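The following exercises are to be worked through with the sequence and the three-dimensional structure at hand. Each task is followed by a solution in steps.

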Amino acid sequence: MEVLGSRILIRPVDPARSHDFYGRILGLAVYREFGPPDEPGVVYFLGQGLLEVAGRSRDDGRDDGARWPGLWLQVRDLAGEHRRLVEAGVAITRAPRREPWGLDEMWLADPDGVPIVIVEIPSDHPLRRDQRP
């Protein structure tokens, strides 16, 4: 798999608390923000990596891996990776599809259940365009 970009994903139980911790207490610089203004997702710089804190996990005591960090891997050809991984016997937990935020995503898990998102950024997505004036 040719990985073009990656990040660690965290789905916190309390997003505001997590943003305060990563942004204010640790002082991580913001790479980008997205989503609703009342509960935005934020991607922070981690040296040569990125940490995305977005969404929300359950806080009901179940240990189903929902709070585990996950991986976000950007690829050139999501359909090709889907075919290759299925042929290799990998269980796909969510088939490739266009998400409401405009990215093409497929979900799977590693052997320990750590979630992995494989992403292709469409050519017309804002992440592919120069946003400078």
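**Exercise 1.** Determine in which sense strand 7 and strand 8 pair, and over how many bridges.

Solution. Step 1: strands are DSSP runs of E with at least two residues, helices are runs of H or I with at least four, and both are numbered from the N terminus. Two strands count as paired if DSSP finds at least two bridges between them. Step 2: strand 7 and strand 8 are joined by 6 bridges and are antiparallel. Step 3: one such pair links Trp-107 to its bridge partner Val-117 in strand 8.

A note on the model is needed here. The model is predicted, so that local features need pLDDT of at least 70 and side-chain atom pairs count only at pLDDT 80 or more, while totals for chains, interfaces and linings use all residues. Residues are numbered from 1 along each chain as its sequence is written, and side-chain values use heavy atoms, leaving out hydrogens and water.

**Exercise 2.** Establish how strand 5 is joined to strand 8, and place both in the sheet.

Solution. Step 1: strand 5 (residues 70-74) and strand 8 (residues 115-120) run parallel and are joined by 4 bridges. Step 2: Trp-72 stands opposite Val-117 in strand 8, and Gln-74 has Val-119 of strand 8 as its bridge partner. Step 3: the open sheet comprises 8 strands in the order 2-3-4-1-5-8-7-6, with mixed pairing. Step 4: strand 2 (30-34) and strand 6 (92-98) each have a single partner strand, so these edge strands have one side without a neighbour in the sheet.

**Exercise 3.** Decide whether the faces of strand 8 are covered or uncovered.

Solution. Step 1: a residue is buried under 20% relative accessible area, exposed over 50%, and partly exposed in between (1.4 Å probe, protein chains only). Step 2: on one side, Pro-115, Val-117 and Val-119 are buried; on the other, Ile-116, Ile-118 and Glu-120 are buried. Step 3: 6 of the 6 residues of strand 8 are thus buried.

**Exercise 4.** Identify the residues of the largest nonpolar core.

Solution. Step 1: such a core is a set of buried Ala, Val, Leu, Ile, Met, Phe, Trp, Tyr and Cys residues joined through side-chain atoms within 4.5 Å. Step 2: the largest one has 8 residues, namely Leu-73, Val-75, Leu-78, Leu-85, Met-106, Leu-108, Ile-116 and Ile-118. Step 3: helix 2, strand 7 and strand 8 are the elements giving two or more residues to this core.

**Exercise 5.** Describe the setting of Glu-105, found in strand 7.

Solution. Step 1: Glu-105 has a relative accessible area of 5% and is therefore buried. Step 2: its side chain makes a polar contact of 2.9 Å with that of Trp-101. A polar contact is a pair of N or O atoms within 3.5 Å; within protein, one must be able to donate a hydrogen and the other to accept it, and residues adjacent in sequence count only if both atoms are side-chain atoms. Step 3: contact means heavy atoms within 4.5 Å. Not counting residues up to four places away in sequence, Glu-105 touches several residues, including Leu-78, Arg-94, Val-117 and Val-119.
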